[in-house]
Amino acid sequence: MHIETLKTFCDLIERGSFSKAAESNFISQSAVSQQVKMLERRFGRQLIERRQRKSIVPTEAGRQLYAECKEILERFHAIEHRLRSESEAIAGPSMKGTIRIATVYSVGLHELPPFVKQFLRAHPHVKVHVEYSRTDKVYEACRSNAIDIGIVALPLRKPDLEVIPFRQESLVMVCSPEHALAGRRRVSLRVLAGEEFVAFERDIPTRKTIDRILKDHQVEVNTVMEFDNIETIKRSVEVGIGISILPETVVRNEVRSGMLAALNFTEGEFTRPVGIIHRKGKVFSAAAAEFVRMLTAQTKEGAQAARD
């Protein structure tokens, strides 16, 4: 059994048709069919459903084989790439490759850009592709190997994923400049009781953290709106619909321009962790490994500065 056969099978599952799989591998549709039958004979299991459907549907055995083959192919191509290109294996201006990143909006729009710019200045021949998505979609992309790394707030420990700490973001209360609390520098959580509140949707991890903070301090707010992204929350707070609790980094520009007011809490600093996630066993290209190294180096430097 050749590595090309495994690739053809994975392409068939991913692209959903014999013709597209044949096109991707520069072979005939008949050759694709023969390779699938060879795999079925080898494993003694039917791998795709033999029904009149427009697209290919794998059986349970087919899904299992696909998942294992993807990992084998990923490791093989990573080794092949390193061996064939010495310039890819060293960190320097000649490094080439593509890094695929998925991240939640708040991190992707406010935290990540400086790191991407710094990396591209050092490695101008590397392409960095960033997608913005909901947290659950970032996890799915990691599991399916559609991306190299994901960056999410409050990363969950999962058996099939690895988590690398990135940074801690301070949470602040935000309100419009016309709000009665806007003139203060600090505010007690107790003052928020009964206030109209613009929140994240309930399934978003940051919402669960904020709910826990309020509950721990026996504070009940009046949630008037719920949104799935941070930009919409900020716009709602700006026009006076309610107050909110958000990461300080994402409102920094609006505070500077006078569009929002941000207040720290008298009870102390509340934070949300941000982490880098990737599929367990993931073999990074040299470019992706260098990007992760740069992110974590910044984290270590920040932690050391805080200790000093």
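1. Start with helices H1 and H3 in this predicted model. H1 covers residues 3-15 and H3 covers residues 29-43; their axes come within 10 Å and cross at roughly 105°. An angle of 65 to 115 degrees counts as roughly perpendicular, so H1 is roughly perpendicular to H3.

2. Who touches whom here? From H1, the residues are Glu4, Thr5, Leu6, Thr8, Phe9 and Leu12; from H3, they are Val32, Gln35, Val36, Met38 and Leu39. Sorted by class, the contact of H1 with H3 has seven nonpolar residues, three polar ones and one charged.

3. H1 also packs against H2, which runs over residues 18-25. For this pair the axes come within 8 Å, with a crossing of roughly 135°. The two helices are therefore oblique to each other, and the crossing of H1 and H2 is right-handed.

4. On the H1 side, the contact with H2 uses Lys7, Thr8, Asp11, Leu12 and Arg15. H2 answers with Phe18, Lys20, Ala21, Ser24 and Asn25. The split by class is three nonpolar, three polar and four charged. If you are looking at H1 on screen, find Thr8 and Leu12: they are listed in the contact with H3 and again in the contact with H2.

5. Further along the chain, have a look at H9 (residues 230-238) and H10 (residues 248-256). Their axes come within 11 Å and cross at roughly 40°. Angles under 35 degrees count as roughly parallel, and this pair is therefore oblique instead. H9 passes H10 in a right-handed crossing.

6. Which residues make the contact between H9 and H10? H9 brings Ile230, Lys234, Arg235 and Glu238, while H10 brings Val250, Val251 and Glu254. By class, that contact divides into three nonpolar, no polar and four charged residues. The nonpolar part consists of Ile230, Val250 and Val251, and the charged part of Lys234, Arg235, Glu238 and Glu254.

7. Now for a bit of empty space. The second largest pocket holds about 360 Å³. It is lined by 23 residues, and the ones closest to its centre are Val104, Thr135, Ile204, Pro205 and Thr206.

8. Which helices give two or more residues to that lining? They are H5 (105-110), H7 (135-143) and H8 (205-216). H8 gives the most, with five residues. As for chemistry, the lining of the second largest pocket has ten nonpolar, six polar and seven charged residues.

Methods: Residues numbered from 1 in each chain as written. Predicted model: local features only at pLDDT ≥ 70, side-chain atom pairs only at ≥ 80, totals over all residues. Heavy atoms only, no water. Axes fitted to C-alpha atoms, helices over the stretch in contact; angles between N-to-C directions. Helix = DSSP H or I, 4+ residues; strand = E, 2+ residues; numbered from the N terminus. Parallel < 35°, antiparallel > 145°, perpendicular 65-115°, else oblique. Left-handed = near helix turned anticlockwise from the far one by under 90°. Contact = heavy atoms within 4.5 Å. 1 Å grid on protein atoms, 1.4 Å probe; cavity = no way out; pocket = protein on both sides within 12 Å on 5 of 7 lines; lining within 4 Å. Points joined across faces, edges and corners; volume = space filled by probe spheres on them.
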